[in-house]
Amino acid sequence: FDVDFPSSGGFAMTDLAVTAGDLKIAGDLKFDGKGELLAAAFPTLKLDERNDLSVKLQPQGGGLKISVAGQSFDARPLLRKMFSPSAGAERGDGKPLSIDVAIDRIDANRGEIISKLSGTLQLTGGAVEAADLSGSFVNGEPITLKVTPSASGERELSLASRDGGATLRAVDLYSKIAGGTFDLRATLAPASKGGIRRGLLVIRNFEVRNEAVISDIDQR
């Protein structure tokens, strides 16, 4: 990389390039005189074959505005953390982040793929305060995720799709259901406390296939 020190103060790192195996990073960063980030752009941010993105950052309202786009992102570790029964409280401090997402392919659990994921996220200190994301499975059936803050400090979660089996596999909860509509509505605790306080999951018009527990139910 090159470093410039303009007469107006601060400094800039330009033509940053990092390569190591599948890892490829290229971009530019600008900082003010106090070392605070003014802007960053990474047209290439490829960690491996499953994570190939471009990212732009700039300050906004005391936080950061981030745009994430690209060909692919491996969401499996993130999904496991989100839907783990032992998921703890999120950290609710730190700068707010406003994230715009537009990614062609999302790798989910059990081989499920979500295409053309787009939308927005609002985070504070790593905690999701609000979200509005949509995409579709490879069969064309849509899936949407929404998180809406409430006046009480709780958050309302809505996860809906027209392929319940694919949704359950994507979040690694159950693999024997095929088809069906999926509708999860839940009230989340404030981000600093974490966890689902109450919720309702409704799945309709589905099939259960190759489930050993019920394969001989007609003989009992």
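Leaving aside neighbours within four places in sequence, which residues is Glu-211 in contact with? Tyr-174 and Lys-176. The views below come from a predicted model.

**View 1. Glu-211 and its contacts.** Glu-211 sits in the segment after β15, a strand spanning 207–208. The residue is buried, yet it has no salt bridge. Lys-176 offers the nearest side chain of opposite charge, 5.8 Å away. A salt bridge needs the charged atoms within 4 Å. Tyr-174 plays another part: its side chain makes a polar contact with the side chain of Glu-211, at 2.5 Å.

**View 2. The largest nonpolar core.** This core holds 40 residues. Those touching the most other members are Leu-29, Phe-42, Val-68, Ile-99, Val-101, Leu-121 and Leu-157. In soluble globular proteins, nonpolar side chains tend to be buried together.

**View 3. Val-68 up close.** Not counting residues up to four places away in sequence, Val-68 touches Leu-53, Ser-54 and Val-55. On the same count, its contacts also include Ile-99, Asp-100, Val-101, Ala-102 and Ile-103. Val-68, Ile-99 and Val-101 are among the core members that touch the most others.

**View 4. Asp-15, with a positive phi.** Most residues other than glycine have a negative phi. Asp-15 is not a glycine, but its phi is positive, about 55°. Asp-15 lies in strand β2, residues 11–20. Asp-15 counts as exposed because its relative accessibility is 57%, and exposed means over 50%.

**View 5. Arg-110, in a loop.** Arg-110 also is not a glycine and has a positive phi of about 55°. Its loop runs between β7 (96–107) and β8 (113–124).

Terms used. Residues numbered from 1 in each chain as written. Predicted model: local features only at pLDDT ≥ 70, side-chain atom pairs only at ≥ 80, totals over all residues. Heavy atoms only, no water. Core = buried A, V, L, I, M, F, W, Y, C linked by side-chain atoms within 4.5 Å. Buried < 20%, exposed > 50% of the residue type's maximum accessible area, 1.4 Å probe, protein only. Contact = heavy atoms within 4.5 Å. Helix = DSSP H or I, 4+ residues; strand = E, 2+ residues; numbered from the N terminus. Lys, Arg positive; Asp, Glu negative; His and termini not counted. Polar contact = N/O pair within 3.5 Å; in protein donor to acceptor, adjacent residues only side chain to side chain.
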